[in-house]
Amino acid sequence: MLSFILILTLIISVSPATGIDFSDIFPAAYAEEAALTHGDFEYTVSNGVVEITDWLGEDTTVYVPYELDGLYVTSIGNGCFNPKYTDKKNSENKKNIQKIVIAEGIQKVRDSVFANCESLEEIVFPNSITYLGSRLFARCPMLKELTLPGSDFSYQSSFLFSDSSIEKINFSEGMTKIPASLLNNSNVKTVTIPSSVKTIDAKAFYYTVETVVVDGALPLAFYPNCVESLQFMLRKNSRS
């Protein structure tokens, strides 16, 4: 056994000089060491799944895929589309992005992913999202309205909407809980609540929201999270 290990070590150590490629023998070890590129995306692989780390394209509309090179994309990495994030390539083109569509199946969007995208007007989230990082929409002056995924998700901190220009949030059908302090440090003035929402956690709207558009019935936990000046717009046939 010792002899076998010594021989194997010797072969691997001289392989660059001999031109022998061991990537087919040890694919996992090679795949997780360096960033890879597929089309307009740069990505890394860990435990057989993909995190997209950078975008290299020129289009104004970007479609983030669920599969790259036969592997599933589970997350979008820190500052992926942020032109001012550390070591980001193609910085000038990122400023021209107007719309980003994220494919169904992607679960995590990490910190500052869309920050500093000066022309960004629309982001389409899939219902598969389970996690949103902090300062995602900072300094995106054209992004005024956002529709969140129709599923319950966790988020990094109360700084999710920090330094953003978003004024209206639409909570999608399928979401059952609005997390605590979600809109802290935001400029959001109007929210739309679907009939699927059953719980609104403490300080979810915390002195920012002025108008609530109600599609269904208001949950019992709603009132403690409001201020007296809040106004309601009840849609026709709303149970509220």
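What follows is a short chat about a predicted model of a protein chain.

User: What is the secondary structure of the protein chain?
Analyst: The model is predicted, and its protein chain has 3 helices and 18 strands.

User: How many of the residues count as buried?
Analyst: The protein chain has 240 residues, and 42% of them count as buried.

User: And what does the chain expose?
Analyst: The exposed area is about 12500 Å². Carbon and sulfur atoms supply 52% of that area.

User: What share of the contacts is between residues 24 or more positions apart?
Analyst: That share is 37%, counted among contacts in the protein chain with a separation of 6 or more.

User: On to the core. Which residues touch the most other members of the largest nonpolar core?
Analyst: Phe-81, Phe-114 and Phe-137 do, in a core of 53 residues. As background, nonpolar side chains in soluble globular proteins tend to be buried together.

User: What does Phe-114 touch?
Analyst: Leaving out residues up to four places away in sequence, Phe-114 touches Phe-81 and Phe-137, along with Phe-125. Its other contacts are Ile-100, Ile-102, Val-109, Leu-120, Ile-123, Leu-136 and Cys-140.

User: There are cysteines in here. How many disulfides does a search find?
Analyst: The search covers the whole structure and finds 0.

User: Where is the nearest cysteine sulfur to Cys-80?
Analyst: The nearest one belongs to Cys-117, 9.2 Å away, and Cys-80 is in no disulfide. Cys-80 counts as buried, at 0% relative accessibility.

User: Why is there no bond from Cys-117 to Cys-140?
Analyst: Because the sulfur of Cys-117 is 5.4 Å from the one in Cys-140, its closest cysteine sulfur, which is too far for a bond. The cut-off for a disulfide is a pair of cysteine sulfur atoms within 2.5 Å.

User: Is Cys-117 buried or exposed?
Analyst: Cys-117 is buried, with a relative accessible area of 0%.

User: Different topic. Where does Ser-196 lie?
Analyst: Ser-196 is in the loop that runs between strand S15 (190-193) and strand S16 (199-200).

User: A loop serine, then. Buried or exposed?
Analyst: Ser-196 counts as buried because its relative accessible area is 12%, and the cut-off for buried is under 20%.

User: What does Ser-196 touch?
Analyst: Setting aside residues up to four places away in sequence, Ser-196 touches Ser-172, Glu-173, Gly-174, Met-175 and Thr-176.

User: Which backbone atoms lie 2.8 Å from a polar atom of its side chain?
Analyst: The backbone nitrogen of Gly-174 lies 2.8 Å from a polar atom of the Ser-196 side chain. The backbone oxygen of Met-175 is also 2.8 Å from a polar atom of that side chain.

Note on methods
Residues numbered from 1 in each chain as written. Predicted model: local features only at pLDDT ≥ 70, side-chain atom pairs only at ≥ 80, totals over all residues. Heavy atoms only, no water. Helix = DSSP H or I, 4+ residues; strand = E, 2+ residues; numbered from the N terminus. Buried < 20%, exposed > 50% of the residue type's maximum accessible area, 1.4 Å probe, protein only. Contact = heavy atoms within 4.5 Å. Areas by Shrake-Rupley, 256 points an atom, 1.4 Å probe, with all protein chains shown as cover. Core = buried A, V, L, I, M, F, W, Y, C linked by side-chain atoms within 4.5 Å. Polar contact = N/O pair within 3.5 Å; in protein donor to acceptor, adjacent residues only side chain to side chain.
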